[in-house]
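Biologist: Please show me the model. I have some questions about how it holds together.

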Amino acid sequence: MRAVTMEQGVLTPVDLPDPIPEKGEVIVRTLACGICGSDLHAARHFDDFVRTSRESGGAFKLTTFNPVVLGHEFCAEIVDYGPHTEHSLPVGARVCSIPMLRRTPPVPIGYSEAAPGGFAEYMLLSESLISPVPGGLNADLAALTEPMAVGYHAVNKANLRGSEATLVIGCGPVGLAVIIALKQRGIAPIVAADYSSKRRELAIKVGADVVFDPEDKSAYTYAPLTKPQDVVYFECVGVPGMLDEIFVGAPKNARIVVVGICISMDHSRPLIAVNKELSVQYVLGYTEEEFVQSLHHISSGEFDVSQLVTDETGFDGLANAFKVLANPEQQGKILVKPEL
């Protein structure tokens, strides 16, 4: 099969053997796969990514220096079933899945040598984790289920009461997913901040009420965000110094939900958070239920993701797409499609 491997940050189109399913697994053909910010992190900060993954454990990890096939935001089509499967859906059915194989131990799809991701023609999925794509929903939008589930989970973990003002810091794909989930929840006002004019424009399109360029005006001084006990910040940047900046700008008793993943060593001054009695919640991924709910929210239109995809590419253009995504003014979400 055709695929693109990543090794030491270098993306290379290659031919690989077709994957062989184990017990309870299905073979699927990739229809569309999004390029995630964590894919960009893995390529740009490869050594740090592997080292931190090995130290932390957990599901979000890349622990090998060998070539891997990235891609964990996908919609695919069932090609065949492996041994000991129930054939729960017909061959040809379009599906999405949590990017994990239920092996012992579990194998992360797109971050393991054993489980190629969506930057390949074919993948393996655990039958027990596949979700059928509702009729009428195209593969491009269905492929956004995984990143939308991340934003949905972050909003759920915030335990919102409905009266809060929210500030989403960083309007990349994760921040936009948070905004969409907040909009679906009926939260207002939704304030967003990003240095990129294109991302601020996308934030408004998907539901933000007010946007700020941090260079021109501090979002922290916006009146609805200065009320104690009714402010929630979603940190969706993941760069060193961001948390400390939020500690300084937040009002007393504010809640902070950390969605962005900072790979590098960070620093913050706990005394500031202590004096303000801030609450900090780190989040990762989503539950199986949240994943399925996200797929259905996209299908129903409750999650309006139609503005998120700004371009698509085949395998030969994947390396260039990674370079393009380094500039937030050029693209939002780029989908990879094997047939292009």
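The questions below go from the cores to the strands and then to the salt bridges.

Modeller: This is a predicted model, where local features need pLDDT of at least 70, side-chain atom pairs count only at pLDDT 80 or more, and totals for chains, interfaces and linings use all residues. Residues are numbered from 1 along each chain as its sequence is written, and side-chain values use heavy atoms, leaving out hydrogens and water.

Biologist: Which element gives the most residues to the largest nonpolar core?

Modeller: A nonpolar core is a set of buried Ala, Val, Leu, Ile, Met, Phe, Trp, Tyr and Cys residues joined through side-chain atoms within 4.5 Å. Buried means under 20% relative accessible area, exposed over 50%, and partly exposed in between (1.4 Å probe, protein chains only). The largest core has 49 residues. Seven of its residues come from one helix, H5.

Biologist: Which strand is the bridge partner strand of Gly-34 in, and which residue does Gly-34 face there?

Modeller: Helices (H or I, at least four residues) and strands (E, at least two) are DSSP runs, numbered from the N terminus. Two strands pair if DSSP finds at least two bridges between them. E3 and E17 pair in the antiparallel sense over two bridges. Gly-34 has its partner in E17, and that partner is Leu-335.

Biologist: Which helix does the chain pass through from E16 to E17?

Modeller: E16 (residues 309–313) and E17 run parallel, joined by four bridges. Val-309 stands opposite Lys-333. The β-α-β crossover is right-handed (with the strands pointing away from the viewer, the path from the first strand over the helix to the second runs clockwise). The helix on this path is H10.

Biologist: How many residues apart in sequence are Glu-288 and Arg-102?

Modeller: The two form a salt bridge, with the closest N and O atoms 2.4 Å apart. A salt bridge is a side-chain nitrogen of Lys or Arg within 4 Å of a carboxyl oxygen of Asp or Glu. Glu-288 lies in helix H9 and Arg-102 in the loop between E6 and E7, so the pair ties together parts whose separation is 186 residues.

Biologist: Is Glu-164 buried or exposed, and at what relative accessibility?

Modeller: Glu-164 forms a salt bridge with Arg-255, at 2.7 Å between the closest N and O atoms. Arg-161, Glu-164, Asp-230 and Arg-255 are linked in a network of salt bridges. Arg-255 is buried, with a relative accessible area of 17%. Glu-164 counts as buried, at 0%.
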